[in-house]
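Me: I am a first-year student, and I would like a close look at the place where the two chains of this model come together. Please take me through it slowly, in one connected answer.

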Protein chains: 2
Amino acid sequence: MSAITKITDLPEYMATMGRRAAKAAKALRLASGRTRAAAISAMASAIRDNSKAILKANAEDMAAGKTKGLSPAMLDRLELSPERIEAIARSLEAIAALPDPVGMEDAHYAPPNGLKIARIRVPIGVIGIIYESRPNVTADAGALCVKSGNAAILRAGSESLRSALAIHKALVKGLKSADLPADCVQLIATTDRDAVGHMLGGISGAIDLIIPRGGKSLVARVQDEARIPVLAHLEGICHSYVHEDADFKKARAIVFNAKMRRTGICGATETLLIDERIADGFLPFIAGDLLDAGCELRACKRSRAILPGMNKVTQEDWSTEYLDAILSIKIVDNIDEALAHIDQYSSGHTDAIITENDTAAAQFINSVDSAITVHNASTQFADGGEFGFGAEIGIATGRLHARGPVGAAQLTTYKYAVRGDGHIRPA
Amino acid sequence: MSAITKITDLPEYMATMGRRAAKAAKALRLASGRTRAAAISAMASAIRDNSKAILKANAEDMAAGKTKGLSPAMLDRLELSPERIEAIARSLEAIAALPDPVGMEDAHYAPPNGLKIARIRVPIGVIGIIYESRPNVTADAGALCVKSGNAAILRAGSESLRSALAIHKALVKGLKSADLPADCVQLIATTDRDAVGHMLGGISGAIDLIIPRGGKSLVARVQDEARIPVLAHLEGICHSYVHEDADFKKARAIVFNAKMRRTGICGATETLLIDERIADGFLPFIAGDLLDAGCELRACKRSRAILPGMNKVTQEDWSTEYLDAILSIKIVDNIDEALAHIDQYSSGHTDAIITENDTAAAQFINSVDSAITVHNASTQFADGGEFGFGAEIGIATGRLHARGPVGAAQLTTYKYAVRGDGHIRPA
């Protein structure tokens with residue numbers, strides 16, 4: 001059931017998958033929102049019904065992973081339990097319940113020529129998703145694609161492929177129960193690494209968009225090698241800037257949360273910037289909070305003049321995504337120096353200002369060129385769920401199509417409907 | 001003044017241009033809409049003031065082109081006159097007067113966590129535009145980029161480079177008079193073909209987007225070789241489908257206009273589909289109109305059974321963008337056959353249905369997967385100006401970022417502004 005298929009002719013296997021995806025995409029594009037939602041609800045039921053088989057496949061992955069010597073963190077990401085399976089099913093139900101992003105008219109134009117023009121959201125087509133060891137991504141990614149009317153080609157990490165195959169079987173049951181083609185969500189059933197290369201080449205035009213979801217080395221490979229569009233973020237070097245007009249109580253709570261709520265996520269703050277005029281009054285308190293919680297502080301010379309116990313920051317720190325309980329700290333002269341630092345070192349993901357001064361906040365939001373700019377809140381809100389988008393497939397830091405959280409709506413594109421009554425265009 | 005520069009080290013020349021563009025893009029991003037509009041208005045004045053120098057440079061291009069043996073059509077596209085220069089200046093003034101697309105908040109979210117989130121249009125960054133012999137593209141493309149807050153790197157066709165350099169000089173005057181960096185619009189001052197290769201590679205990340213504007217061979221090269229995103233259309237194989245419930249009078253006028261108003265534009269109809277039930281009554285009239293106007297008709301067997309005089313259509317015709325007074329004609333059984341034909345042969349540009357039946361129109365608009373779908377109007381309305389977008393840089397038929405007419409608004413992307421009041425994210 002969860003057997004990994006032996007593929008003798010990978011190019012032909014991938015080409016067939018591409019053709020099937022293109023055909024399924026057409027069926028999905030024409031399916032109603034109700035049908036797509038029903039398929040996703042049925043996927044959730046099938047996940048629950050098949051939980052024993054999924055757990056059995058996952059146990060095989062876990063055993064192989066232990067033999068292979070995977071790290072405890074990787075094994076934890078890989079491991080499923082009845083509770084985690086229930087969470088997967090609930091996540092699918094939440095995606096099914098999202099408003100339908102397809103068919104929405106999001107702009108209207110009435111030019112002087114008398115035509116009525118509507119801009120209508122439509123699916124992108126076929127989306128390739130390449131991910132690592134978390135088995136839930138199989139379900140979430142497949143369901144988000146179906147919700148947005150896109151066919152999916154999924155490539156799971158080799159260490160989680162048995163679990164992914166078992167989950168995929170449930171997704172296919174859901175599709176079939178809603179009379180949608182099984183090929184709406186396909187999973188590559190081999191661990192052959194060359195399959196990724198085929199995906200990055202687009203399989204002769206079959207794949208419209210690639211989304212990598214995983215660590216920096218995976219994303220970097222995809223961004224370097226893809227010959228088709230990619231939605232992704234390479235890293236989240238996020239800043240929290242405490243302006244001289246900050247409310248100290250808010251600032252302490254926000255900065256602590258931005259760093260420490262979860263240190264391993266891309267929206268975690270990695271660098272704290274503090275205005276020189278308030279550094280004496282603010283730094284000792286936030287530093288105390290963070291040190292008490294076990295956070296390492298790497299600070300600039302001016303910061304260490306206030307609090308000598310902190311470690312020295314190096315030039316490299318400003319460009320480092322720690323994903324850990326480590327924070328780099330810099331005292332800046334003013335907002336201009338803060339903006340210059342962010343302009344140089346931000347990865348374009350999420351950057352925040354904490355201030356009661358609306359002019360400074362407006363200047364920050366206008367100047368910072370990141371996908372998400374934040375005023376008086378934690379950078380850890382950088383998440384599709386917190387934006388109210390429902391589940392997200394990731395955060396994008398590129399400049400085209402979609403930036404920030406990528407949920408079902410961001411997986412659509414648009415077309416125009418032009419309505420006339422015999423209109424011909426004058427010479 | 002209109003001398004073509006000798007470049008000894010092209011890689012360094014292009015790298016410098018990339019760095020300058022990135023720097024200028026930042027200045028443009030922070031400039032107000034009023035400043036950007038003032039620069040474009042000043043460009044228009046400088047075009048008028050420099051018209052003698054522009055005409056002189058153009059005369060040199062024309063002389064070289066005649067020596068080189070350019071076709072009369074190419075020479076016509078290349079040639080400037082006082083009237084054409086005035087039209088360039090007016091086009092710039094129209095772009096200056098467009099609403100500012102930058103800074104517009106085009107969506108708002110108020111998720112349950114209490115944050116206020118706005119989605120704000122921002123410039124893309126640096127746009128590379130590769131075009132052929134029309135000198136006005138230098139002005140239009142440069143001004144559209146400045147309007148949308150993007151720095152431009154322009155690559156003119158070698159046969160029009162002297163004219164482009166003279167026009168570019170006026171654009172720089174306009175930028176300077178508004179205190180914007182001259183590097184906001186740069187023009188590659190060499191005919192070295194390797195410069196295009198550098199642009200398609202993105203100049204080490206300096207260029208965010210490439211827009212080719214020209215014939216099919218240019219666009220095909222750009223689409224094949226670019227390592228960065230491209231907005232373009234390769235061809236416009238547009239269909240007009242006369243449904244059985246069409247109003248014949250409207251249909252005759254629309255189809256004639258869709259084919260014959262201008263046969264050389266991408267939105268011109270290349271294939272006419274007619275429902276079998278009305279073919280007897282409709283085909284002879286529209287065929288007569290078209291034949292009288294000098295249009296060649298290439299028709300299917302069923303069509304020739306009604307009107308034997310027409311030429312035979314071949315399989316290849318259905319995939320051919322004539323850009324000429326030629327029309328392929330097919331009689332279809334019903335809307336399903338029409339949709340299947342369009343699905344197979346449309347280039348995804350613009351396709352129209354002519355019918356008084358709203359159910360059929362809705363089915364057509366829902367099913368046809370092209371950038372522009374049209375009901376009861378000419379496909380020749382596929383144009384940014386007709387959509388009310390002002391000037392356009394072209395039509396896009398890709399699936400990501402922007403589809404259909406690409407004007408100043410479509411040359412922007414977005415970022416989010418998240419506004420809180422001390423919000424921290426719960427565990």
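What rotation, and what shift along its axis, superposes chain B on chain A?

Reply: Please keep in mind throughout that this is a predicted model. A rotation of 180°, with 0.0 Å of shift along its axis, lays chain B on chain A, and the RMSD of that superposition is 0.0 Å. The two copies are therefore related as by a two-fold rotation axis. In chain B, the C-alpha nearest that axis belongs to B:His401, at 1.9 Å from it.

B:His401 is a useful residue with which to begin. It is part of the loop between strand 14 (394-396) and strand 15 (404-406) of chain B. With 21 other C-beta atoms within 10 Å, B:His401 is buried, because a residue counts as buried once 20 or more such atoms lie within that distance. Its backbone also deserves a glance, since the phi angle of B:His401 is near 70°, a positive value in a residue other than glycine.

From the axis we can move outward to the contact between the chains. On the side of chain B, 53 residues are in contact with 53 residues of chain A. The elements of chain B that each give two or more residues to this side are helix 1 (10-30), helix 10 (248-260), helix 14 (358-367), strand 13 (372-377) and strand 16 (412-423). Of these, strand 16 of chain B gives the most, with eleven residues. Sorted by class, the side of chain B that touches chain A has 24 nonpolar, 17 polar and twelve charged residues. It also turns out that 100% of the interface residues of chain B are interface residues in chain A as well, so the copies meet through the same surface.

A single residue can make this contact easier to picture, and B:Lys415, which is found in strand 16 of chain B, serves well. Leaving aside its neighbours within four places in sequence, B:Lys415 is in contact with A:Ser370, A:Ala371, A:Ile372, A:Thr373 and A:Arg403 in chain A, and with B:Ile120 and B:Val122 in chain B. B:Lys415 is buried, with 20 other C-beta atoms within 10 Å, and 20 is the number at which a residue begins to count as buried. If you look for B:Lys116, you will find that its C-alpha atom is separated by 14 Å from that of B:Lys415, although the two residues are 299 apart along the chain.

On the chain A side, strand 13 (residues 372-377) is where A:Asn376 has its place. A:Asn376 counts as buried, with 23 C-beta neighbours inside 10 Å, and its phi is near 55°, which is again a positive value in a residue other than glycine.

Strand 14 (residues 394-396) of chain A holds A:Ile395, which is buried with 24 other C-beta atoms within 10 Å. Not counting residues up to four places away in sequence, A:Ile395 touches A:His233, A:Cys266, A:His349, A:Ala382, A:Gly404, A:Pro405 and A:Val406. One of these partners, A:His233, is 162 residues away along the chain, and yet the C-alpha atoms of A:Ile395 and A:His233 are separated by 6.1 Å.

That pairing can be set beside a count for the whole chain: among contacts in chain A between residues at least 6 apart in sequence, 73% join residues at least 24 apart. Chain A contains 15 helices and 16 strands, and its radius of gyration is 24 Å, close to the 22 Å that the globule rule gives for 427 residues, so chain A is as compact as a globular protein of that length. Along its principal axes, the C-alpha trace of chain A spans about 75 × 65 × 35 Å, and buried residues make up 56% of the 427 residues in chain A.

To finish, here is a pair of helices in chain B that you can find on the display. Helix 5 (residues 82-97) and helix 6 (residues 136-147) of chain B pack at an angle of about 10°, with their axes 10 Å apart, which means that helix 5 of chain B is roughly parallel to helix 6 of chain B. The contact of these two helices has six nonpolar, two polar and two charged residues. Helix 6 of chain B is also the place of B:Thr138, which is buried with 27 other C-beta atoms within 10 Å.

How values were computed:
Residues are numbered from 1 along each chain as its sequence is written. Chains are lettered from A and ligands numbered from 1 in the order in which they are written. This is a predicted model: local features need pLDDT of at least 70, side-chain atom pairs count only at pLDDT 80 or more; totals for chains, interfaces and linings use all residues. Copies are superposed by least squares on the C-alpha atoms of residues with pLDDT of at least 70 in both. Two residues are in contact if their C-beta atoms, placed from the backbone, lie within 7 Å. Helices (H or I, at least four residues) and strands (E, at least two) are DSSP runs, numbered from the N terminus. The radius of gyration is taken over C-alpha atoms; the globule rule is 2.2 Å times the number of residues to the power 0.38. A residue is buried if 20 or more other C-beta atoms lie within 10 Å of its own, exposed if 12 or fewer, and partly exposed in between; C-beta atoms are placed from the backbone. Axes are lines fitted to C-alpha atoms, for helices over the stretch in contact, and angles run from 0 to 180 degrees between N-to-C directions. Angles under 35 degrees count as roughly parallel, over 145 as roughly antiparallel, 65 to 115 as roughly perpendicular and the rest as oblique. Ala, Val, Leu, Ile, Met, Phe, Trp, Tyr, Cys and Pro count as nonpolar, Asp, Glu, Lys and Arg as charged, and the others, Gly among them, as polar.
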